[in-house]
Protein chains: 2
Amino acid sequence: MGRNTILNQKIKDERRGRILSVALGLFATKGLTATKITDIASALGISQGLVYHYFRSKEEIFVELIRYAFERMNEACRYLESLDLPPLEKIRMAITELLKGIEKNEDTPLYHLLIALATASDAIPAQAKDLIKNENMLSYDVITRIIIKGQKEGAIKKHDPKDMALVFWTTIKGLAIHKAAHGRKYKTPDPEILMDIFI
Amino acid sequence: MGRNTILNQKIKDERRGRILSVALGLFATKGLTATKITDIASALGISQGLVYHYFRSKEEIFVELIRYAFERMNEACRYLESLDLPPLEKIRMAITELLKGIEKNEDTPLYHLLIALATASDAIPAQAKDLIKNENMLSYDVITRIIIKGQKEGAIKKHDPKDMALVFWTTIKGLAIHKAAHGRKYKTPDPEILMDIFI
DNA sequence: GTCTATATCCAGATAGAC
DNA sequence: GTCTATCTGGATATAGAC
(Lines give C-alpha, C1' and ligand atoms only; values in the text may rest on other atoms or scores of the structure.)
Protein backbone atom coordinates (compact mmCIF):
# COMPACT_ATOMS: atom_id res chain seq x y z
CA MET A 1 0.00 0.00 0.00
CA GLY A 2 1.72 3.21 -1.22
CA ARG A 3 1.55 6.54 0.49
CA ASN A 4 -1.01 7.80 -1.97
CA THR A 5 -3.37 5.05 -0.95
CA ILE A 6 -2.89 5.94 2.70
CA LEU A 7 -3.35 9.64 2.05
CA ASN A 8 -6.48 9.03 0.04
CA GLN A 9 -7.85 6.88 2.80
CA LYS A 10 -7.28 9.70 5.23
CA ILE A 11 -9.12 12.16 3.03
CA LYS A 12 -11.92 9.71 2.58
CA ASP A 13 -12.24 9.21 6.31
CA GLU A 14 -12.38 12.94 6.80
CA ARG A 15 -15.20 13.28 4.28
CA ARG A 16 -17.04 10.41 5.88
CA GLY A 17 -16.70 12.22 9.16
CA ARG A 18 -18.35 15.31 7.76
CA ILE A 19 -21.25 13.31 6.40
CA LEU A 20 -21.66 11.58 9.75
CA SER A 21 -21.63 14.92 11.53
CA VAL A 22 -24.50 16.46 9.60
CA ALA A 23 -26.37 13.16 9.54
CA LEU A 24 -26.24 13.11 13.34
CA GLY A 25 -28.00 16.45 13.54
CA LEU A 26 -30.60 15.46 11.01
CA PHE A 27 -31.32 11.98 12.35
CA ALA A 28 -31.63 13.34 15.88
CA THR A 29 -34.09 16.05 14.92
CA LYS A 30 -36.04 14.44 12.10
CA GLY A 31 -35.56 10.73 12.60
CA LEU A 32 -34.13 8.14 10.26
CA THR A 33 -37.01 7.89 7.80
CA ALA A 34 -37.80 11.59 7.60
CA THR A 35 -34.18 12.40 6.87
CA LYS A 36 -33.56 12.21 3.14
CA ILE A 37 -30.20 11.64 1.53
CA THR A 38 -30.86 14.93 -0.23
CA ASP A 39 -31.01 16.69 3.13
CA ILE A 40 -27.59 15.38 4.04
CA ALA A 41 -26.11 16.16 0.64
CA SER A 42 -27.48 19.67 0.41
CA ALA A 43 -26.40 20.48 3.97
CA LEU A 44 -22.88 19.70 2.78
CA GLY A 45 -23.27 21.35 -0.60
CA ILE A 46 -22.58 18.14 -2.46
CA SER A 47 -24.66 16.12 -4.88
CA GLN A 48 -27.01 13.44 -3.68
CA GLY A 49 -25.20 10.72 -5.62
CA LEU A 50 -21.88 11.50 -4.01
CA VAL A 51 -23.05 10.37 -0.60
CA TYR A 52 -23.12 6.86 -2.00
CA HIS A 53 -19.45 7.12 -2.76
CA TYR A 54 -18.82 7.16 0.99
CA PHE A 55 -21.61 5.01 2.33
CA ARG A 56 -23.51 2.09 0.89
CA SER A 57 -26.85 3.27 2.20
CA LYS A 58 -28.64 5.63 4.53
CA GLU A 59 -28.93 2.85 7.06
CA GLU A 60 -25.19 2.34 7.09
CA ILE A 61 -24.74 5.95 8.14
CA PHE A 62 -27.29 5.48 10.89
CA VAL A 63 -25.72 2.29 12.22
CA GLU A 64 -22.27 3.86 12.22
CA LEU A 65 -23.57 6.75 14.31
CA ILE A 66 -25.25 4.45 16.81
CA ARG A 67 -22.07 2.40 17.08
CA TYR A 68 -19.97 5.48 17.70
CA ALA A 69 -22.43 6.89 20.23
CA PHE A 70 -22.24 3.73 22.34
CA GLU A 71 -18.47 3.60 21.95
CA ARG A 72 -18.12 7.06 23.46
CA MET A 73 -20.73 6.55 26.13
CA ASN A 74 -19.43 3.17 27.29
CA GLU A 75 -15.84 4.32 27.18
CA ALA A 76 -16.77 7.20 29.49
CA CYS A 77 -18.62 4.82 31.83
CA ARG A 78 -15.71 2.41 32.07
CA TYR A 79 -13.39 5.30 32.77
CA LEU A 80 -15.69 6.59 35.50
CA GLU A 81 -15.79 3.22 37.18
CA SER A 82 -12.02 2.85 37.06
CA LEU A 83 -11.39 6.12 38.88
CA ASP A 84 -10.06 6.09 42.43
CA LEU A 85 -12.86 8.15 43.99
CA PRO A 86 -15.58 7.62 46.60
CA PRO A 87 -18.82 6.39 44.97
CA LEU A 88 -20.76 9.54 45.76
CA GLU A 89 -18.08 11.65 44.11
CA LYS A 90 -18.27 9.48 41.05
CA ILE A 91 -22.00 10.12 40.86
CA ARG A 92 -21.46 13.84 41.31
CA MET A 93 -18.78 13.84 38.64
CA ALA A 94 -20.99 11.91 36.22
CA ILE A 95 -23.91 14.28 36.71
CA THR A 96 -21.73 17.37 36.39
CA GLU A 97 -19.95 16.14 33.29
CA LEU A 98 -23.12 14.92 31.61
CA LEU A 99 -24.94 18.18 32.27
CA LYS A 100 -21.93 20.14 31.06
CA GLY A 101 -21.76 18.01 27.95
CA ILE A 102 -25.45 18.53 27.30
CA GLU A 103 -25.07 22.27 27.71
CA LYS A 104 -21.78 22.92 25.93
CA ASN A 105 -20.85 20.36 23.36
CA GLU A 106 -23.41 20.32 20.64
CA ASP A 107 -22.95 16.65 19.85
CA THR A 108 -23.51 15.17 23.29
CA PRO A 109 -27.26 15.77 23.52
CA LEU A 110 -27.64 14.70 19.93
CA TYR A 111 -25.99 11.36 20.65
CA HIS A 112 -28.18 10.89 23.70
CA LEU A 113 -31.21 11.82 21.68
CA LEU A 114 -30.22 9.49 18.87
CA ILE A 115 -29.85 6.59 21.27
CA ALA A 116 -33.08 7.44 23.07
CA LEU A 117 -35.03 7.69 19.84
CA ALA A 118 -33.42 4.59 18.40
CA THR A 119 -34.13 2.66 21.59
CA ALA A 120 -37.77 3.66 21.48
CA SER A 121 -38.17 3.14 17.76
CA ASP A 122 -39.17 0.05 15.84
CA ALA A 123 -38.28 1.63 12.53
CA ILE A 124 -34.52 1.18 12.65
CA PRO A 125 -32.15 -1.25 10.93
CA ALA A 126 -31.66 -4.66 12.52
CA GLN A 127 -27.97 -3.97 13.03
CA ALA A 128 -28.82 -0.90 15.10
CA LYS A 129 -31.27 -2.96 17.15
CA ASP A 130 -28.50 -5.46 17.88
CA LEU A 131 -26.10 -2.75 18.94
CA ILE A 132 -28.66 -1.35 21.34
CA LYS A 133 -29.38 -4.78 22.77
CA ASN A 134 -25.71 -5.47 23.39
CA GLU A 135 -24.36 -2.07 24.36
CA ASN A 136 -27.17 -0.33 26.17
CA MET A 137 -26.86 -2.17 29.47
CA LEU A 138 -23.32 -1.24 30.41
CA SER A 139 -24.11 2.33 31.41
CA TYR A 140 -26.94 1.17 33.68
CA ASP A 141 -24.78 -1.54 35.23
CA VAL A 142 -21.89 0.78 35.96
CA ILE A 143 -24.10 3.30 37.75
CA THR A 144 -25.85 0.49 39.65
CA ARG A 145 -22.53 -0.88 40.88
CA ILE A 146 -21.33 2.54 42.00
CA ILE A 147 -24.58 3.07 43.90
CA ILE A 148 -24.34 -0.31 45.63
CA LYS A 149 -20.81 0.46 46.73
CA GLY A 150 -21.88 3.85 48.04
CA GLN A 151 -24.77 2.29 49.95
CA LYS A 152 -22.44 -0.21 51.62
CA GLU A 153 -20.30 2.68 52.80
CA GLY A 154 -23.41 4.46 54.02
CA ALA A 155 -22.83 7.43 51.72
CA ILE A 156 -25.81 6.94 49.41
CA LYS A 157 -29.52 6.62 50.15
CA LYS A 158 -30.82 3.08 50.38
CA HIS A 159 -33.43 2.84 47.68
CA ASP A 160 -33.28 -0.03 45.25
CA PRO A 161 -30.02 0.62 43.36
CA LYS A 162 -31.44 -0.50 40.03
CA ASP A 163 -34.35 1.90 40.42
CA MET A 164 -31.93 4.67 41.24
CA ALA A 165 -29.77 3.94 38.21
CA LEU A 166 -32.88 3.92 36.03
CA VAL A 167 -33.99 7.30 37.37
CA PHE A 168 -30.45 8.60 36.92
CA TRP A 169 -30.27 7.74 33.24
CA THR A 170 -33.84 8.54 32.30
CA THR A 171 -33.39 11.97 33.86
CA ILE A 172 -30.18 12.60 31.93
CA LYS A 173 -31.74 11.39 28.71
CA GLY A 174 -34.87 13.41 29.35
CA LEU A 175 -32.76 16.52 29.78
CA ALA A 176 -30.78 15.74 26.64
CA ILE A 177 -33.99 15.40 24.67
CA HIS A 178 -35.30 18.63 26.15
CA LYS A 179 -32.11 20.44 25.21
CA ALA A 180 -32.16 19.05 21.69
CA ALA A 181 -35.75 20.22 21.38
CA HIS A 182 -35.38 23.69 22.88
CA GLY A 183 -31.82 24.52 21.90
CA ARG A 184 -30.95 28.09 22.78
CA LYS A 185 -33.76 28.42 25.31
CA TYR A 186 -32.42 25.53 27.38
CA LYS A 187 -30.98 26.38 30.78
CA THR A 188 -29.01 23.70 32.59
CA PRO A 189 -30.50 22.86 35.98
CA ASP A 190 -28.37 22.95 39.11
CA PRO A 191 -26.64 19.52 39.38
CA GLU A 192 -27.37 19.47 43.11
CA ILE A 193 -31.05 18.91 42.30
CA LEU A 194 -30.10 15.56 40.82
CA MET A 195 -27.68 14.86 43.65
CA ASP A 196 -30.61 15.01 46.07
CA ILE A 197 -31.74 11.70 44.66
CA PHE A 198 -28.62 10.11 46.08
CA ILE A 199 -27.83 11.87 49.38
CA MET B 1 -80.69 16.62 10.94
CA GLY B 2 -82.56 13.31 11.29
CA ARG B 3 -81.69 10.56 13.70
CA ASN B 4 -79.93 8.55 11.03
CA THR B 5 -77.48 11.35 10.49
CA ILE B 6 -76.76 11.52 14.19
CA LEU B 7 -76.36 7.77 14.48
CA ASN B 8 -74.08 7.64 11.50
CA GLN B 9 -71.97 10.39 12.98
CA LYS B 10 -71.64 8.36 16.16
CA ILE B 11 -70.50 5.31 14.24
CA LYS B 12 -68.08 7.39 12.27
CA ASP B 13 -66.60 8.87 15.44
CA GLU B 14 -66.16 5.42 16.85
CA ARG B 15 -64.29 4.27 13.75
CA ARG B 16 -62.14 7.37 13.84
CA GLY B 17 -61.34 6.52 17.43
CA ARG B 18 -60.11 3.08 16.47
CA ILE B 19 -57.89 4.50 13.78
CA LEU B 20 -56.47 7.04 16.22
CA SER B 21 -55.81 4.32 18.75
CA VAL B 22 -53.64 2.17 16.51
CA ALA B 23 -52.01 5.22 14.96
CA LEU B 24 -50.93 6.31 18.43
CA GLY B 25 -49.06 3.07 18.96
CA LEU B 26 -47.44 3.21 15.56
CA PHE B 27 -46.47 6.88 15.60
CA ALA B 28 -45.00 6.52 19.07
CA THR B 29 -42.85 3.53 18.16
CA LYS B 30 -41.98 4.20 14.53
CA GLY B 31 -42.42 7.93 14.13
CA LEU B 32 -44.66 9.85 11.76
CA THR B 33 -42.74 9.28 8.54
CA ALA B 34 -41.89 5.65 9.10
CA THR B 35 -45.51 4.83 9.83
CA LYS B 36 -47.30 4.03 6.60
CA ILE B 37 -51.04 4.30 6.04
CA THR B 38 -50.83 0.63 5.16
CA ASP B 39 -49.55 -0.15 8.65
CA ILE B 40 -52.56 1.53 10.20
CA ALA B 41 -55.01 -0.08 7.81
CA SER B 42 -53.63 -3.59 8.12
CA ALA B 43 -53.50 -3.32 11.91
CA LEU B 44 -57.24 -2.72 11.75
CA GLY B 45 -57.88 -5.25 9.00
CA ILE B 46 -59.27 -2.64 6.65
CA SER B 47 -58.16 -1.50 3.25
CA GLN B 48 -55.65 1.29 2.85
CA GLY B 49 -58.06 3.45 0.91
CA LEU B 50 -60.68 3.34 3.63
CA VAL B 51 -58.53 5.31 6.04
CA TYR B 52 -59.06 8.29 3.76
CA HIS B 53 -62.77 8.01 4.33
CA TYR B 54 -62.17 9.05 7.93
CA PHE B 55 -59.17 11.34 7.69
CA ARG B 56 -57.95 13.64 4.96
CA SER B 57 -54.32 12.68 5.44
CA LYS B 58 -51.79 10.97 7.64
CA GLU B 59 -50.82 14.32 9.06
CA GLU B 60 -54.37 15.02 10.15
CA ILE B 61 -54.32 11.86 12.23
CA PHE B 62 -51.06 12.92 13.78
CA VAL B 63 -52.25 16.42 14.64
CA GLU B 64 -55.45 15.07 16.16
CA LEU B 65 -53.41 12.81 18.43
CA ILE B 66 -51.13 15.61 19.54
CA ARG B 67 -54.14 17.80 20.26
CA TYR B 68 -55.80 15.10 22.31
CA ALA B 69 -52.60 14.32 24.21
CA PHE B 70 -52.24 17.92 25.33
CA GLU B 71 -55.93 18.11 26.16
CA ARG B 72 -55.64 15.21 28.57
CA MET B 73 -52.32 16.30 30.02
CA ASN B 74 -53.34 19.90 30.59
CA GLU B 75 -56.71 18.92 31.96
CA ALA B 76 -54.96 16.73 34.52
CA CYS B 77 -52.58 19.56 35.41
CA ARG B 78 -55.36 22.07 35.95
CA TYR B 79 -57.19 19.57 38.09
CA LEU B 80 -54.09 18.95 40.18
CA GLU B 81 -53.61 22.65 40.79
CA SER B 82 -57.25 23.12 41.79
CA LEU B 83 -57.10 20.49 44.51
CA ASP B 84 -57.20 21.51 48.16
CA LEU B 85 -53.97 19.84 49.23
CA PRO B 86 -50.59 20.94 50.59
CA PRO B 87 -48.10 21.54 47.75
CA LEU B 88 -45.87 18.64 48.66
CA GLU B 89 -48.83 16.29 48.62
CA LYS B 90 -49.74 17.56 45.16
CA ILE B 91 -46.24 16.73 43.99
CA ARG B 92 -46.46 13.29 45.57
CA MET B 93 -49.84 12.71 44.00
CA ALA B 94 -48.61 13.81 40.59
CA ILE B 95 -45.58 11.54 40.72
CA THR B 96 -47.61 8.58 41.95
CA GLU B 97 -50.34 9.02 39.38
CA LEU B 98 -47.93 9.59 36.52
CA LEU B 99 -45.85 6.55 37.40
CA LYS B 100 -48.99 4.48 37.80
CA GLY B 101 -50.24 5.72 34.45
CA ILE B 102 -46.94 4.86 32.83
CA GLU B 103 -47.00 1.39 34.32
CA LYS B 104 -50.65 0.45 33.93
CA ASN B 105 -52.48 2.29 31.23
CA GLU B 106 -50.96 1.46 27.91
CA ASP B 107 -51.78 4.80 26.36
CA THR B 108 -50.23 7.13 28.90
CA PRO B 109 -46.57 6.46 28.08
CA LEU B 110 -47.42 6.50 24.41
CA TYR B 111 -48.89 9.97 24.68
CA HIS B 112 -45.86 11.16 26.62
CA LEU B 113 -43.61 9.57 24.07
CA LEU B 114 -45.54 11.09 21.21
CA ILE B 115 -45.25 14.55 22.72
CA ALA B 116 -41.59 14.08 23.56
CA LEU B 117 -40.74 12.87 20.07
CA ALA B 118 -42.87 15.52 18.42
CA THR B 119 -41.28 18.22 20.57
CA ALA B 120 -37.82 17.07 19.60
CA SER B 121 -38.65 16.54 15.94
CA ASP B 122 -38.46 18.93 13.03
CA ALA B 123 -40.28 16.55 10.76
CA ILE B 124 -43.81 17.19 11.93
CA PRO B 125 -46.71 19.17 10.45
CA ALA B 126 -46.82 22.91 11.13
CA GLN B 127 -50.13 22.55 12.95
CA ALA B 128 -48.53 20.12 15.40
CA LYS B 129 -45.66 22.54 15.91
CA ASP B 130 -48.14 25.28 16.79
CA LEU B 131 -49.96 23.07 19.25
CA ILE B 132 -46.71 22.25 21.00
CA LYS B 133 -45.71 25.89 21.15
CA ASN B 134 -49.03 26.89 22.71
CA GLU B 135 -49.85 23.94 24.94
CA ASN B 136 -46.54 22.64 26.16
CA MET B 137 -45.85 25.31 28.76
CA LEU B 138 -48.85 24.82 31.00
CA SER B 139 -47.63 21.62 32.62
CA TYR B 140 -44.28 23.21 33.46
CA ASP B 141 -45.95 26.32 34.84
CA VAL B 142 -48.36 24.40 37.06
CA ILE B 143 -45.57 22.37 38.66
CA THR B 144 -43.43 25.49 39.06
CA ARG B 145 -46.24 27.29 40.89
CA ILE B 146 -46.86 24.35 43.20
CA ILE B 147 -43.15 24.20 44.03
CA ILE B 148 -42.99 27.92 44.78
CA LYS B 149 -45.92 27.64 47.12
CA GLY B 150 -44.34 24.67 48.87
CA GLN B 151 -41.08 26.54 49.26
CA LYS B 152 -42.84 29.51 50.86
CA GLU B 153 -44.36 27.13 53.38
CA GLY B 154 -40.95 25.60 53.98
CA ALA B 155 -42.12 22.17 52.87
CA ILE B 156 -40.05 21.90 49.68
CA LYS B 157 -36.31 22.23 49.09
CA LYS B 158 -35.18 25.64 47.95
CA HIS B 159 -33.58 25.04 44.59
CA ASP B 160 -34.62 27.16 41.65
CA PRO B 161 -38.29 26.18 41.14
CA LYS B 162 -38.06 26.29 37.36
CA ASP B 163 -35.07 23.97 37.43
CA MET B 164 -36.97 21.63 39.69
CA ALA B 165 -40.02 21.63 37.43
CA LEU B 166 -37.78 20.92 34.46
CA VAL B 167 -36.16 17.98 36.23
CA PHE B 168 -39.58 16.77 37.29
CA TRP B 169 -40.97 16.62 33.78
CA THR B 170 -37.85 15.43 32.01
CA THR B 171 -37.63 12.57 34.49
CA ILE B 172 -41.26 11.61 33.93
CA LYS B 173 -40.87 11.82 30.17
CA GLY B 174 -37.61 9.92 30.31
CA LEU B 175 -39.33 7.13 32.21
CA ALA B 176 -42.25 7.14 29.78
CA ILE B 177 -39.85 6.79 26.87
CA HIS B 178 -38.00 4.04 28.65
CA LYS B 179 -41.24 2.19 29.30
CA ALA B 180 -42.37 2.57 25.72
CA ALA B 181 -39.01 1.22 24.61
CA HIS B 182 -38.72 -1.70 27.01
CA GLY B 183 -42.36 -2.63 27.49
CA ARG B 184 -42.72 -5.78 29.50
CA LYS B 185 -39.25 -5.56 31.01
CA TYR B 186 -39.99 -2.17 32.53
CA LYS B 187 -40.23 -2.03 36.32
CA THR B 188 -41.64 1.14 37.87
CA PRO B 189 -39.19 2.78 40.26
CA ASP B 190 -40.20 3.64 43.81
CA PRO B 191 -41.91 7.08 43.69
CA GLU B 192 -40.02 8.10 46.83
CA ILE B 193 -36.83 8.25 44.76
CA LEU B 194 -38.34 11.14 42.83
CA MET B 195 -39.77 12.69 45.99
CA ASP B 196 -36.22 13.03 47.28
CA ILE B 197 -35.74 15.80 44.76
CA PHE B 198 -38.31 17.86 46.63
CA ILE B 199 -37.91 17.07 50.34
C1' DG C 1 -68.91 2.30 3.68
C1' DT C 2 -65.78 -0.52 1.75
C1' DC C 3 -63.03 -2.27 -1.72
C1' DT C 4 -59.77 -2.40 -5.93
C1' DA C 5 -57.27 0.02 -9.20
C1' DT C 6 -54.50 3.66 -10.43
C1' DA C 7 -52.43 8.36 -10.98
C1' DT C 8 -48.75 10.72 -9.13
C1' DC C 9 -44.94 11.70 -6.76
C1' DC C 10 -40.85 11.14 -4.26
C1' DA C 11 -36.73 9.08 -2.61
C1' DG C 12 -33.10 5.41 -2.54
C1' DA C 13 -29.79 3.64 -5.14
C1' DT C 14 -27.09 2.88 -9.59
C1' DA C 15 -24.71 3.95 -14.06
C1' DG C 16 -21.85 6.37 -16.56
C1' DA C 17 -19.77 10.79 -18.27
C1' DC C 18 -16.22 14.04 -17.01
C1' DG D 1 -14.14 12.21 -6.81
C1' DT D 2 -17.84 14.49 -8.36
C1' DC D 3 -21.67 15.29 -11.09
C1' DT D 4 -26.11 14.40 -13.88
C1' DA D 5 -29.35 11.26 -15.45
C1' DT D 6 -32.03 7.47 -14.65
C1' DC D 7 -34.03 3.10 -12.94
C1' DT D 8 -36.97 1.34 -9.62
C1' DG D 9 -39.83 0.71 -5.78
C1' DG D 10 -42.95 2.21 -2.68
C1' DA D 11 -46.30 5.32 -0.51
C1' DT D 12 -49.91 9.03 -0.58
C1' DA D 13 -53.97 10.13 -2.14
C1' DT D 14 -57.87 9.76 -5.51
C1' DA D 15 -61.44 7.62 -8.57
C1' DG D 16 -64.80 4.75 -9.30
C1' DA D 17 -67.17 0.14 -8.89
C1' DC D 18 -70.02 -2.46 -5.69
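How do the residues of the surface near DNA strand D divide into nonpolar, polar and charged? They split into 5 nonpolar, 6 polar and 3 charged, where Ala, Val, Leu, Ile, Met, Phe, Trp, Tyr, Cys and Pro count as nonpolar, Asp, Glu, Lys and Arg as charged, and the others, Gly among them, as polar. We'll come back to that surface once you've found your way around.

**Before you click**

This is a predicted model, in which local features need pLDDT of at least 70 and side-chain atom pairs count only at pLDDT 80 or more, while totals for chains, interfaces and linings use all residues. Residues are numbered from 1 along each chain as its sequence is written, chains are lettered from A and ligands numbered from 1 in the order in which they are written, and side-chain values use heavy atoms, with hydrogens and water left out.

**Stop 1: chain A on its own**

Select chain A and show it as a cartoon. You should see 10 helices and 0 strands; helices (H or I, at least four residues) and strands (E, at least two) are DSSP runs, numbered from the N terminus. The C-alpha trace spans about 60 × 40 × 30 Å along its principal axes.

Now colour by burial. Of the 199 residues in chain A, 50% are buried, with buried meaning under 20% relative accessible area, exposed over 50%, and partly exposed in between (1.4 Å probe, protein chains only). If you like contact maps, look at the pairs with a separation of 6 or more: 70% of those contacts in chain A are between residues 24 or more positions apart. A contact here means heavy atoms within 4.5 Å.

**Stop 2: H112(A)**

Next, pick H112(A), which sits in helix α6 (residues 107-120) of chain A. Is H112(A) buried or exposed? H112(A) is buried, at a relative accessible area of 6%. Show its surroundings and, setting aside residues up to four places away in sequence, you'll find H112(A) touching M73(A), L98(A), W169(A), I172(A), K173(A) and A176(A).

**Stop 3: T171(A), and over to chain B**

Move to T171(A) in helix α9 (residues 161-182) of chain A. T171(A) is buried too, with a relative accessible area of 1%. Which residues does T171(A) contact, leaving aside its neighbours within four places in sequence? They are L194(A), V167(B), T170(B) and T171(B), so turn chain B on now if you had it hidden. For a sense of scale, draw a line from the C-alpha atom of T171(A) to that of K10(A): the two are 39 Å apart, with their positions 161 residues apart along the chain.

**Stop 4: the interface between A and B**

Select the contacting residues on both sides: 41 residues of chain A are in contact with 41 residues of chain B. The buried area is about 3,100 Å², with carbon and sulfur atoms giving 67% of it; buried area is the accessible area (1.4 Å probe) that two parts lose on being put together, summed over both. Highlight A120(A), D163(A) and I193(A), which supply 17% of the area that chain A buries against chain B, more than any other three residues.

Try superposing the chains. Chain A goes onto chain B with an RMSD of 0.0 Å, by a turn of 180 degrees and a shift of 0.0 Å along the axis, using least squares on the C-alpha atoms of residues with pLDDT of at least 70 in both. The two copies are therefore related as by a two-fold rotation axis. Since 100% of the interface residues of chain A are also interface residues in chain B, the copies meet through the same surface.

**Stop 5: DNA strand D**

Back to where we began. There are 14 residues around DNA strand D, the closest being R15(A), S47(A), Y54(A), Q48(B) and Y52(B); near means that a heavy atom of the residue lies within 4 Å. Helix α3 (residues 48-54) of chain A gives the largest share of this surface, 3 residues.

Then look for polar contacts, pairs of N or O atoms within 3.5 Å (within protein, one must be able to donate a hydrogen and the other to accept it, and residues adjacent in sequence count only if both atoms are side-chain atoms):

- Y54(A): a polar side-chain atom is 2.4 Å from a phosphate oxygen of strand D.
- S47(A): a polar backbone atom is 2.9 Å from a phosphate oxygen of strand D.
- I37(B): a polar backbone atom is 3.3 Å from a phosphate oxygen of strand D.

**Stop 6: DNA strand C**

Finish on strand C, where 14 residues surround the DNA and I37(A), Y52(A), R15(B), S47(B) and Y54(B) are the closest. Sugar and phosphate make up 69% of the strand C atoms that come within 4 Å of the protein. For a base contact, zoom in on Q48(A): an N or O atom in its side chain is 3.4 Å from a base nitrogen of strand C.
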